[in-house]
Amino acid sequence: MSRTIRGLLAAGLLAAAIPSAGAAELAARVDNGSEPVLCAEKDNVSLTFTNPAVKHFRIQAVHPVYLGMLNTDRWAADWTSCDMEGDPVHVAEPRRVTFYEAPDLWLVGYTYPSFWRPNDVPVRVGDRVEHGLHLLQVWVRYKERAEEVLVLYPPDGYWRARPIPPGDMRWTAYGSSFLVGPVKDEGRPIVALKDIAFDPATRTFTLAFADGGEGKVRLAALDEEHVALDVSFSGDLPQGRPFAALRSMYVMEANSDTARVAWRAPGAKGWGESPVMTFPGGEATELWTGRVVPSRHNTSAPDMIFGRFSDVPPKPDKRDTVPKEAAPLPQ
């Protein structure tokens, strides 16, 4: 077992053992569709999660094990060996809107000059509805600082999350993306959204999927170690599709946003580990993907953990915490 996995177990961010008899733990089938590339700005890593019985699960973003050893952080884009001329372009009028603002939480939306898909997903907060947004940002206040911790791209359903920077670090990078809901391929994996609503009181996004069914993504925990999102599904979701996916980048281990995978198979006595590009896939009750050595690309970006797959609502976790400046997160 690697030092990374031992550290996450000690911190309580991974399950230390298989739950006792009677606990509702399910496995998801994880398929690896990753392909080699030379361009560091293309998401060539693709892990999908499938099990029609899963109605609840948790996604976590966790600081990499080497974060405390960094002297230099790198997050600039690297367009070496990249050819984006064939990408579709939909032109829009740039703008910025603030949906909601309180001392401890605010939600901001952006429209870019262009995007690869049309931006026609309505976003609602209370009685306010906005159309044409490419990006939503969730910000919190922590130690008198504004911290961006979660983003969602309405046109294609991509999310990114990052924990609060620890200690005296002013910022850490985003890295891997993830999808929540019925995944399909439209040139790249997406989740098509019909509309989005955000409830600041519970810090919950409600997603109406264009192909049927609904999902809720709740900000359940946030601190200097991790951010945790509890996901639940309801309604008639399309059958046979993955319910979630991880999207990331790997050129080589020293130039990657994720490089390795660790997983806990049903009934296994230990964790399996593999380089991400040769990960064979299979059944997993929990999966971690990240890096154990620093990369020149998005060096401080977090690892990602998918787990707690279940067909029943989760019980409140007493280990879940929020910044002192913020109001408690409702269960």
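How many bridges join strand 12 to strand 13, and which way do the two run? I found 2 bridges between strand 12 (residues 158–161) and strand 13 (residues 177–180), which run antiparallel. Strands here are DSSP runs of E, at least two residues, numbered from the N terminus, and two strands pair if DSSP finds at least two bridges between them. I noted Phe 178 in strand 13 as the bridge partner of Trp 159.

A note to self on the model: it is predicted, local features need pLDDT of at least 70, side-chain atom pairs count only at pLDDT 80 or more, and totals for chains, interfaces and linings use all residues. Residues are numbered from 1 along each chain as its sequence is written, and side-chain values use heavy atoms, with hydrogens and water left out.

Next I looked up the sheet. It is open, has 10 strands in the order 5-6-10-11-12-13-20-2-1-25, and pairs antiparallel. Strand 5 (95–101) and strand 25 (282–284) are at the edges with a single partner strand each, so one side of each has no neighbour in the sheet.

Then I went for the rings. Phe, Tyr and Trp rings (six-membered ring for Trp) pair if their centres lie within 6.5 Å; planes under 30 degrees apart are stacked, over 60 edge-to-face, the rest tilted. I got 14 aromatic pairs by this rule. Phe 49 and Phe 306 are stacked, 4.5 Å centre to centre with 20 degrees between the planes. Phe 49 is in strand 2 and Phe 306 in strand 27, so this pair ties together parts 257 residues apart in sequence.

Methods
Helices (H or I, at least four residues) and strands (E, at least two) are DSSP runs, numbered from the N terminus.
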